[in-house]
Amino acid sequence: MNVPIRIRALIAAVLMAAGISAVAALPASAAPNSVCALNQPASATRSFAHPGNNTSAWASPFGHVPDDIFRFTATGSTQIQPVFGAWKPPSGDVNDIAWPDQGYWPRTGVPKFALLMRITSGTAHWVTSANHAHDPAVVAGSRLEPFKWYYAGAVSDCVKLENPAASSFQFVVNDANVFDNSGGPTVTARQWW
């Protein structure tokens, strides 16, 4: 773990609480936007199992500090419908889009059965937009809205935390009836600071 950056974030928070500009007092972030986009080794990596039949929340054990960057990758599959249902990868059915007239979907306009992600509080923005073809809301520089689902698929775009930082991420399979699913992907979170 890169302790100086974590200490710098703590000092910045103390300075801001004291009314002193942290921007003037501290050097620029050592976590440039390019580290995630260039797939450089992460400061921390953690994997967790996401159940395909529920929403799961994940928060980094290293905390969420403004300027941290996250990217999520997913492997494995989710069985849609019990027993004889098809197994779907995290990218979902990229040629089968969920539309509002087809029942309730966590997110319409994106592939059915894809892995979706969202923040529940705080602020963050997209650093990259490689998944824009699957989700028009994924645009580099645009903010993620809390509680709005976004396409993550097998490889999410890079997300940079702002101030206040998003406290956790949630994941769900884009399915109109998620509760009859089984299995689920393994999600790996990479964090840069």
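Q: Why is strand 8 largely enclosed by the rest of the structure?
A: Strand 8 covers residues 115–119, and 5 of its 5 residues are buried, so the rest of the structure largely encloses it. Buried means under 20% relative accessible area, exposed is over 50%, and partly exposed is in between, using a 1.4 Å probe and protein chains only. Strands (E, at least two residues) and helices (H or I, at least four) are DSSP runs, numbered from the N terminus.

Q: Is this a predicted model, and what are the ground rules?
A: This is a predicted model: local features need pLDDT of at least 70, side-chain atom pairs count only at pLDDT 80 or more, and totals for chains, interfaces and linings use all residues. Residues are numbered from 1 along each chain as its sequence is written, and side-chain values use heavy atoms, with hydrogens and water left out.

Q: Back to strand 8. Which residues point which way?
A: L115, M117 and I119 point one way, while L116 and R118 point the other way. All of them are buried.

Q: Which strands does strand 8 pair with?
A: Strand 12, residues 169–173, pairs with strand 8 in the antiparallel sense over 5 bridges. Strand 10 also pairs with strand 8, again antiparallel, over 2 bridges. Two strands pair if DSSP finds at least two bridges between them.

Q: What is the bridge partner of L115 in strand 12?
A: V173.

Q: And what does L116 stand opposite in strand 10?
A: L116 stands opposite Y151.

Q: New topic. How many salt bridges does the structure hold?
A: The structure holds 5 salt bridges. A salt bridge is a side-chain nitrogen of Lys or Arg within 4 Å of a carboxyl oxygen of Asp or Glu. Side chains of opposite charge can pair when their charged atoms come close.

Q: What does D135 pair up with in a salt bridge?
A: D135 meets R107, at 2.9 Å from N to O. This pair links distant parts of the chain, 28 residues apart. D135 sits in the loop between strand 9 (124–126) and strand 10 (150–151), and R107 in the loop between strand 6 and strand 7.

Q: Is D135 buried or exposed?
A: D135 is buried, at 0% relative accessibility. R107 counts as buried too, at 13%.

Q: What about K112, which residue does it bridge to?
A: K112 forms a salt bridge with D96, and their closest N and O atoms are 3.5 Å apart. K112 lies in strand 7 (residues 111–112) and D96 in strand 6 (residues 93–97), so the pair ties together parts 16 residues apart in sequence. K112 is buried at 12% relative accessible area, whereas D96 is partly exposed at 30%.

Q: And K88?
A: K88 forms a salt bridge with D93, with the closest N and O atoms 3.1 Å apart. K88 is buried, at 16% relative accessibility.

Q: Switching again. Where does S56 lie?
A: S56 lies in strand 2, residues 56–58. S56 is buried, at 11% relative accessibility.

Q: What does the side chain of S56 make a polar contact with?
A: The side chain of H50, at 2.6 Å. A polar contact is a pair of N or O atoms within 3.5 Å; within protein, one must be able to donate a hydrogen and the other to accept it, and residues adjacent in sequence count only if both atoms are side-chain atoms.

Q: Last one. In what order do the strands of the open sheet come?
A: The order is 5-4-13, with 3 strands and antiparallel pairing. Strand 5 (87–88) and strand 13 (182–183) stand at the edges with a single partner strand each, so one side of each has no neighbour in the sheet.
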